[in-house]
Amino acid sequence: MLTLDIRCYVLPLKWPFTISRYTVRSQQTVIVSISDGMHTGYGEATANPYYHSTREKIISSIESVRELVEGSADLEPSDLWSKMEPQLKNDYFALCALDCAFWDLYARKRKRPLRSFFTDSYGTPLSNYTIGIDDIAVMRKKITEKPWPIYKIKLGTEKDIEILSELRKLTDSTFRVDANCSWTVSQTLDFTPSLIKLGVEFIEQPLPAVDMEGMRTLRERCEIPLIADESCQRMKDLDPCSQVFDGINIKLMKCGGLTPAFRMIKKARKKGLMVMAGCMTESTIGISNLVQIAPILDSIDADGAMLLKNDIASGVELIDGRIKFSSLTGSGTTLL
């Protein structure tokens, strides 16, 4: 028998983190551990208002499958996911935490790095560092305090181009922009010439998640690659997104863990899409699970734990954008 444990944390952030929808000053998170008595695997699920994820909902969902998980010692991770998913259709965040914890345990028991189950290659793209919306002076300060090769700039204000222009004065680093559903078709098209001049690599989720017709217009007319985030949550969203976006941003909590993320990557490749994976604001537990698929991605946003005042775990590190894997097996994490 396996043992399932649940721990809750409130993680204060270094800076208030603002996107077009809201501001977060601390992050509620749930850490799941699954142990066989000798090895322990870890997963994470965060509270997130946009996806209707609360700490209470996550805990209740995990408890609803406790008996199944604790009796799953002989299962493969993908088989356990298939058994859990019908019971957790309304809480993919909880499903993600359980799937990642079980994969972590599975790899540790076999004395292998978790990423070795997904690829033989250990080369990875550089991770961006995210600059949340703030006064321009504060956003400039964030850039100067954290020199980085790639920045994701959160936008959705009345001064979006001014923000990018001021930040560009400070650095030649690559810019990616994320409007988090806040722009219109006309705004995006009006911004495009300036975004090109300012060296923007791609635009993430410019329009509301359901505006697929608007995205169709943008893809026909916008000269910058367009990446789906809120529009592409699970496998079922991949087909429609492939028709109106140039790429997708997979998040483990949106899709339900490493098992479906790997499947989505393979399908996206067949469709010729750019493939990115991203994080929520989460601890090194969640980030260390995320980076296990980094070698099979084009881009990655793995800076979530860097935005925290204090982390609760050790594991993967980001050094000037480079992913430094832990020397431990599994995801390489240890709770502090």
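In the predicted model, glutamate 204 is buried, with a relative accessible area of 0%. The residue belongs to strand S7, which spans residues 200-204. Its side chain is joined to that of lysine 152 by a polar contact of 3.0 Å. Apart from neighbours within four places in sequence, the residues in contact with glutamate 204 are Lys152, Val177, Asp178, Ala179, Asn180, Ile227, Asp229, Asn249 and Met276.

Lysine 152, the polar partner of glutamate 204, lies on one side of strand S5 together with Ile150 and Lys154, and these three residues are buried. Tyr151 and Ile153, on the other side, are buried as well, so that both faces of S5 are covered. In a regular strand the side chains alternate between the two faces of the sheet. Strand S5 comprises residues 150-154, and five of its five residues are buried.

Strand S5 pairs with two strands described here, S4 and S6. Strand S4 (residues 129-131) runs parallel to S5 and is joined to S5 by three bridges. Within this pairing, tyrosine 129 stands opposite tyrosine 151. The connection from S4 to S5 passes through helix H5 (residues 136-145), and the resulting β-α-β crossover is right-handed. The pairing of S5 with strand S6 (residues 174-178) is also parallel and extends over five bridges. Here the bridge partner of tyrosine 151 is phenylalanine 175. Tyrosine 151 thus has a partner in S4, tyrosine 129, and another in S6, phenylalanine 175. A right-handed β-α-β unit is made by S5, helix H6 (residues 160-168) and S6.

A separate open sheet contains three strands in the order S1-S2-S3, with antiparallel pairing. Its edge strands are S1 (3-18) and S3 (40-46), each of which pairs on one side only. On average, neighbouring strands of this sheet are turned by 25 degrees against each other, direction ignored. Twelve bridges connect S1 with strand S2 (residues 23-35) in the antiparallel sense, and aspartate 5 has serine 33 as its bridge partner in S2. Helix H1 (residues 55-64) packs on the sheet and touches S1, S2 and S3, its direction making about 160 degrees with that of S1. Helix H4 (residues 92-109) also lies across S1, S2 and S3, and runs at about 160 degrees to S3.

No disulfides are found in a search of the whole structure. For cysteine 100, the closest cysteine sulfur is that of cysteine 96, at 4.0 Å; this is too far for a bond, because a disulfide requires sulfur atoms within 2.5 Å. Cysteine 100 is buried, with a relative accessible area of 2%. The sulfur of cysteine 232 lies 4.4 Å from its closest counterpart, in cysteine 241, and is therefore likewise too far for a bond. Cysteine 232 is buried too, at a relative accessible area of 1%.

Lysine 324 is located in strand S14 (residues 322-324). This lysine is partly exposed, with a relative accessible area of 44%. Leaving aside neighbours within four places in sequence, lysine 324 is in contact with Val316, Glu317 and Ile319. Lysine 324 and lysine 254 are separated by 70 residues in sequence and by 25 Å in space, C-alpha to C-alpha.

Terms used:
Residues numbered from 1 in each chain as written. Predicted model: local features only at pLDDT ≥ 70, side-chain atom pairs only at ≥ 80, totals over all residues. Heavy atoms only, no water. Buried < 20%, exposed > 50% of the residue type's maximum accessible area, 1.4 Å probe, protein only. Helix = DSSP H or I, 4+ residues; strand = E, 2+ residues; numbered from the N terminus. Pairing = 2+ DSSP bridges. Right-handed = clockwise from strand over helix to strand, strands pointing away. Contact = heavy atoms within 4.5 Å. Polar contact = N/O pair within 3.5 Å; in protein donor to acceptor, adjacent residues only side chain to side chain. Axes fitted to C-alpha atoms, helices over the stretch in contact; angles between N-to-C directions.
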